[in-house]
Every structure is written in structure tokens, then in C-alpha cells.
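Thanks for coming, everyone. Please have a look at the model on the screen while I talk you through it.

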Amino acid sequence: MSLITRTAFPLPMQYLGSKQRIANWIVEEIKQQFPATSNLVDLMSGSGAIAHEANMRGWNLHANDIQPYSHRVLKSAFETPRTELTDIIEWLECGSLDEIILEKDRSRARTALLEEDEFFASASRGDFDWKEYASFCNNFNGLHTSATGNYDLFVAYYPNTYFGVRQCLEIDAIREKASQSSADVATHLIGALISSLTFVSSTTTHLAQFLKPASQSTALNLINCRARSVQEQVLKRLRLLVDYPMPDFATTSNLGFEKVLIGCRFDPNETIVYADPPISKSTILATTTS
Ligand SMILES: C[S@@+](CC[C@H](N)C(=O)[O-])C[C@H]1O[C@@H](n2cnc3c(N)ncnc32)[C@H](O)[C@@H]1O
């Protein structure tokens with residue numbers, strides 16, 4: 001087992017159910033109870049918080065989740081080579097994404113982007129009018145009918161709902177860049193994007209209904225959320241990934257948990273299988289009655 005320098009997880013996800021805050025304690029308890037552990041199978045890995053703690057102890061890993069978004073993050077953090085990351089980091093640092101956000105079918109959002117920029121500026125100046133902003137949000141909240149599928153999904157469905165106009169354009173442009181990149185770079189770009197979106201969305205922390213401007217203060221809060229740059233968040237995560245310790249041995253999968261152990265090659269005497277299922281009425285009942 002290698003000695004690892006403790007490092008922050010590069011692709012955290014903000015959502016209800018993540019064990020990020022207690023992951024260290026959980027894995028430390030496992031280590032105390034089962035000192036021979038050198039492998040962890042995380043059957044329902046979600047944000048990867050438990051797999052990360054296992055990685056920090058130099059354990060081998062298998063991280064699985066049935067949700068594709070979660071699997072993309074796990075695959076990027078634990079399994080995918082990072083040799084090409086510096087090129088894409090440089091590409092973002094040069095501001096190249098800004099040159100393509102209004103390209104092709106995303107150009108439909110040009111006027112809305114200018115309007116949004118003006119609301120950001122008025123919020124800084126102190127002459128922001130929340131009613132005007134509410135009206136802008138009502139009038140420009142997606143162009144579903146004109147969606148072409150040519151990397152315009154977010155700008156077609158989510159502006160002024162879960163994200164701002166610029167945020168949607170950046171998301172679609174990053175997704176387009178991923179499609180033009182190698183498989184490894186695409187995995188990292190998409191993993192970093194998914195992680196970032198859970199932090200910049202215009203919702204409460206449990207990512208339920210999006211927030212709406214209903215007063216000066218709620219509208220200014222939305223302006224703050226929507227002024228957060230998606231590409232800066234992605235860049236920050238890609239830089240962290242470069243320095244994140246790569247496990248000696250790690251695999252990931254995107255399966256129902258029942259199928260995961262079938263192909264598992266770990267020595268059962270040194271392996272912990274960790275299962276953290278979603279909360280449901282029946283799990284709460286089982287916990288309270290046992
Ligand atoms: C409570 S969360 C796990 C949280 C995780 N331990 C963390 O710290 O982020 C439950 C996870 O189970 C996954 N899940 C639900 N049903 C599943 C199934 N049948 N097989 C595998 N994963 C499943 C969900 O996608 C979700 O990510």
C-alpha cells in the first residue's frame with residue numbers, strides 16, 4: 001500500500017445524501033474494525049466521497065453507481081489517465097472557450113447574453129431593478145422549439161431557470177469541446193463540468209426546484225449565482241485533478257449494484273464492500289424499527 005499525501009477531492013458534488021462530511025470517520029471506522037482492508041468496493045458511490053477516503057489510505061478501489069452523471073465523475077477522478085490534461089487547461093486559460101460560446105446554433109442567445117451582462121453591471125453599480133430582471137427571466141427561459149441538438153441543449157432548455165444565459169452557453173460550448181477531444185480529455189471535461197454544475201446552479205443545495213426572482217434580495221441572490229463562471233469552476237477542478245493521487249489500482253462501473261461483485265477480482269479477506277443506498281420510506285422504516 002502506498003503512502004498518500006492527503007489531498008482534497010477534485011470533483012466534489014453538492015447534493016443531499018453525499019457523505020463528504022463524515023467520509024473520513026466512516027473509512028477510519030472500517031479501518032479500525034477490519035485492519036486487513038486494502039480494497040474497497042463502493043457499490044453506490046454517488047459523489048465518490050467514500051472512494052476518495054479509501055484512495056487517501058492507498059487502498060485499491062472499485063467505484064460503481066447506476067447514475068451516468070455520477071459514473072462520469074468517478075471515472076474521471078479514479079480511472080482515467082491525466083497525461084493530456086495540461087493541453088486542455090492551457091486552452092481554457094487562453095480564453096478560447098469565450099471565442100466559441102456564441103458559435104453556430106448558440107448564436108440565437110446573443111441578445112439575451114447582452115441583456116444579462118447589463119443586469120450584472122447594474123447590480124454592481126447599484127441601480128439594479130428586480131422587476132425588469134424578473135420580466136427578462138420570464139421572457140427568455142429557453143427556446144425549446146428551436147433546439148437543434150447541435151450543442152445547444154442547455155441554452156435551449158435552461159436559461160434563467162437552473163442557470164443563467166452565459167452559464168448555459170458555457171456548458172454547451174464545453175460539451176462541444178469535449179466531443180472534439182480525445183476520450184480521456186472528454187471524460188475529464190465532462191466530469192469537471194458535472195461537479196461544477198452542482199455548485200453554480202440557481203437552486204437550493206438539494207438541487208430541487210430552481211429559484212425565481214420575487215423581490216430585490218432574491219433577484220440579487222440569483223444574479224450572484226448566475227455571475228459564477230462555469231469555465232472557471234471547470235478549470236479549477238482540472239488543475240486539482242492534475243495533482244490528485246492516482247490509485248495504484250482502480251476501476252469504475254455504471255451498473256445496478258447486483259452486477260458489480262460478479263466480476264470482482266479482489267481478495268475477499270482484504271476487501272470491504274460498502275453500500276450506501278438512497279434514502280426511501282422503507283430504509284427509514286427499517287432503520288427506525290431495527
Ligand atoms: C445515498 S447516495 C450514495 C452517497 C455516496 N455514499 C456519497 O457519499 O456521495 C445513493 C446512491 O445510490 C445510487 N443507486 C441507486 N440505486 C442504485 C442501484 N440499483 N445500483 C447502484 N447504485 C444505485 C444512486 O445513484 C446514488 O448515487
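I'll go through the sheet, then the helices, then the ligand.

Quick housekeeping. This is a predicted model, so local features need pLDDT of at least 70 and side-chain atom pairs count only at pLDDT 80 or more, while totals for chains, interfaces and linings use all residues. Residues are numbered from 1 along each chain as its sequence is written.

Helices and strands here are DSSP runs, numbered from the N terminus: H or I with at least four residues for a helix, E with at least two for a strand.

Okay, the sheet. There's an open sheet of four strands, ordered S3-S2-S1-S4, with parallel pairing; two strands pair if DSSP finds at least two bridges between them. Which strands stand at the edges? Those are S3 (250-253) and S4 (271-274), and each has a single partner strand, so one side of each is left without a neighbour in the sheet. From one strand to the next, the twist averages 10°. Angles in this talk run from 0 to 180 degrees between N-to-C directions, and axes are lines fitted to C-alpha atoms, for helices over the stretch in contact.

If you zoom in on strand S1 (residues 39-42), you'll see that S1 and S4 pair in the parallel sense over four bridges. Val-41 has Val-273 in S4 as its bridge partner.

Now, what lies across the sheet strands S2 and S3? That's helix H3 (residues 68-79), lying across S2 (60-64) and S3 and running at about 170° to S3. Contact, by the way, is when the C-beta atoms of two residues, placed from the backbone, lie within 7 Å.

H3 also packs against H9, at an angle of about 125° with the axes 8 Å apart. That makes the pair oblique; on this scale, under 35 degrees is roughly parallel, over 145 roughly antiparallel, 65 to 115 roughly perpendicular, and the rest oblique. On the H3 side the contact includes Tyr-69, Arg-72 and Val-73, and on the H9 side Thr-187, His-188 and Ile-190 are among the residues. Sorted by type, the contact of H3 with H9 has five nonpolar, five polar and two charged residues. For the sorting, Ala, Val, Leu, Ile, Met, Phe, Trp, Tyr, Cys and Pro count as nonpolar, Asp, Glu, Lys and Arg as charged, and the others, Gly among them, as polar.

Next, H8 (residues 165-179) and H9 (residues 183-200). They pack at about 165°, with axes 9 Å apart, which means H8 is roughly antiparallel to H9. The residues in contact include Ile-171 and Ile-174 of H8, and Leu-189 and Leu-193 of H9. This contact divides into eight nonpolar, two polar and one charged.

H8 has another partner, H11 (residues 230-243): their axes come within 8 Å and cross at roughly 45°. These two are therefore oblique to each other. Gln-167, Glu-170, Ile-171 and Ile-174 of H8 meet Val-230, Gln-231 and Val-234 of H11.

Last stop, the ligand. How many residues surround the ligand? There are 18, and the closest are Gly-17, Lys-19, Met-44, Gly-46 and Ser-47; a residue is near a molecule or strand if its C-beta atom, placed from the backbone, lies within 6 Å of it. That shell splits into seven nonpolar, eight polar and three charged residues.
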